[in-house]
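Open the model in a viewer and keep the selection tool at hand. The stops below say what to select next and what is there.

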Amino acid sequence: MILSAGNEEIFSFARPIGIGLIESAINLTRICLFESPKSLIFIGSAGSYNPTKHKIFDIVTSSSASQIEISFLKKESYTPIEQIITANVSRETIVNSSNYITTDKLSALAFDKLGFEIENMEFYSVMKVAKEFNLPVKGIFVITNYCDKNAHNEYIKNIKQAKQLLINYLKKHKYIKE
């Protein structure tokens with residue numbers, strides 16, 4: 001089953017699950033309970049923490065997610081929850097999730113230094129639900145912005161083209177039909 005967040009990221013072939021960690025977890029759990037999908041593919045946008053690693057309109061795939069907040073970087077908090085979930089043993093891009101978009105360039109570079117390369121609000125909850133239901137899971141993301149003060153404006157400017165690039169990628173790799 002192909003999933004997306006919703007709002008600006010609606011696709012005719014994808015099920016929207018909501019924006020952020022909470023809506024997406026609730027709605028995806030409901031889908032898993034009542035529709036029993038065989039696998040999950042989450043598609044959407046992401047911000048790049050380091051412009052030298054992932055540039056605007058790059059396509060990034062992952063089966064690893066984290067949920068680390070900026071306050072953790074500043075040693076102002078800790079968490080008892082599982083910090084990284086991975087459905088694949090190979091080293092790949094770790095997608096960090098938060099209900100907040102990173103707009104501070106220094107924080108973004110600190111995330112990158114810790115091994116978190118891109119940011120998507122929902123992917124950690126998608127991974128957590130997939131793990132709970134023992135489902136194969138993958139995320140396919142298009143970079144729409146860098147995580148800096150211009151993040152929102154870049155996202156708005158780039159989302160339309162990013163969605164088309166994502167559709168082209170999905171067709172090319174036979175996730176959807178032509």
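Begin with Ser107, which sits in helix H3, residues 105-113. This is a predicted model, and every value on the tour is computed from it.

**Stop 1: Ser107**

Is Ser107 buried or exposed? Its relative accessibility is 7%, so Ser107 counts as buried. Show the residues around it: with neighbours up to four places away in sequence set aside, Ser107 is in contact with Ile70, Leu73 and Thr102. Then add Tyr49 to the selection. Ser107 and Tyr49 are 58 residues apart along the chain, and their C-alpha atoms are separated by 8.4 Å.

**Stop 2: the largest nonpolar core**

In soluble globular proteins, nonpolar side chains tend to be buried together. To see a case here, select Leu28, Leu40, Phe42 and Phe123 and show their side chains. In the largest nonpolar core, which has 25 residues, these four touch the most other members. Now colour helix H1 (20-35), strand S3 (40-48), helix H4 (123-132) and strand S9 (137-146), since each of them supplies at least two residues of this core. Which of the elements gives the most to this core? H4 does, with six residues.

Another core lies apart from this one. It has 13 residues, and Ile43, Val142, Leu166 and Leu170 are among them.

**Stop 3: helix H4 and the loop after it**

Select H4 alone. Why can this helix be called largely enclosed by the rest of the structure? Seven of its ten residues are buried, so the description fits. The buried residues are Phe123, Tyr124, Ser125, Val126, Met127, Val129 and Ala130.

Stay on Phe123 and display its contacts. Beyond its neighbours within four places in sequence, Phe123 is in contact with Phe42, Ser62, Ser63, Ser64, Ala65, Val95, Ser97, Lys138, Gly139 and Phe141.

Next, move along the chain to Asn134, which lies in the loop between H4 and S9. Asn134 is not a glycine, yet its phi is positive, at about 55°. Its relative accessibility is 70%, so Asn134 counts as exposed.

**Stop 4: Phe57, in another loop**

For a second positive phi, select Phe57 in the loop between S3 and strand S4 (59-62). Phe57 is a residue other than glycine, and its phi is near 75°. How does Phe57 count in terms of accessibility? At 23% it counts as partly exposed, because the range for that label begins at 20% and anything under 20% would be buried.

**Stop 5: two isoleucines**

Select Ile22 and Ile41 together. Ile22 is in helix H1, while Ile41 is in strand S3. Which of the two labels, buried or exposed, belongs to Ile22? Ile22 has a relative accessible area of 54%, so it is exposed. Ile41 has a relative accessible area of 14% and is therefore buried.

Add Glu122 to the view. Ile22 and Glu122 are 100 residues apart in sequence, and the distance from C-alpha to C-alpha is 8.4 Å.

Now turn to what surrounds Ile41. Not counting residues up to four places away in sequence, Ile41 touches Met1, Ile2, Leu3, Lys138, Ile140 and Tyr175. For a second distance, pick Gln161: the C-alpha atoms of Ile41 and Gln161 are separated by 20 Å, and the two residues are 120 residues apart along the chain.

**Stop 6: the largest pocket**

Switch on a surface and select Glu9, Ser45, Ile101, Met121 and Tyr155. Of the 20 residues that line the largest pocket, these five lie nearest its centre. The space in this pocket is about 380 Å³. S3, S9 and helix H5 (151-172) each supply at least two residues of the lining.

What kinds of residue make up the lining of the largest pocket? Eight are nonpolar, eight are polar and four are charged.

**Stop 7: two cysteines**

Last, select Cys32 and Cys147. Cys32 has a relative accessible area of 5%, so it is buried. Cys147 counts as buried too, because its relative accessibility is 3%. A disulfide is a covalent bond between the sulfur atoms of two cysteines. How many disulfides does the structure hold? The number is zero.

Conventions. Residues numbered from 1 in each chain as written. Predicted model: local features only at pLDDT ≥ 70, side-chain atom pairs only at ≥ 80, totals over all residues. Heavy atoms only, no water. Core = buried A, V, L, I, M, F, W, Y, C linked by side-chain atoms within 4.5 Å. Buried < 20%, exposed > 50% of the residue type's maximum accessible area, 1.4 Å probe, protein only. Helix = DSSP H or I, 4+ residues; strand = E, 2+ residues; numbered from the N terminus. Contact = heavy atoms within 4.5 Å. 1 Å grid on protein atoms, 1.4 Å probe; cavity = no way out; pocket = protein on both sides within 12 Å on 5 of 7 lines; lining within 4 Å. Points joined across faces, edges and corners; volume = space filled by probe spheres on them. Nonpolar A, V, L, I, M, F, W, Y, C, P; charged D, E, K, R; others polar. Disulfide = S-S within 2.5 Å.
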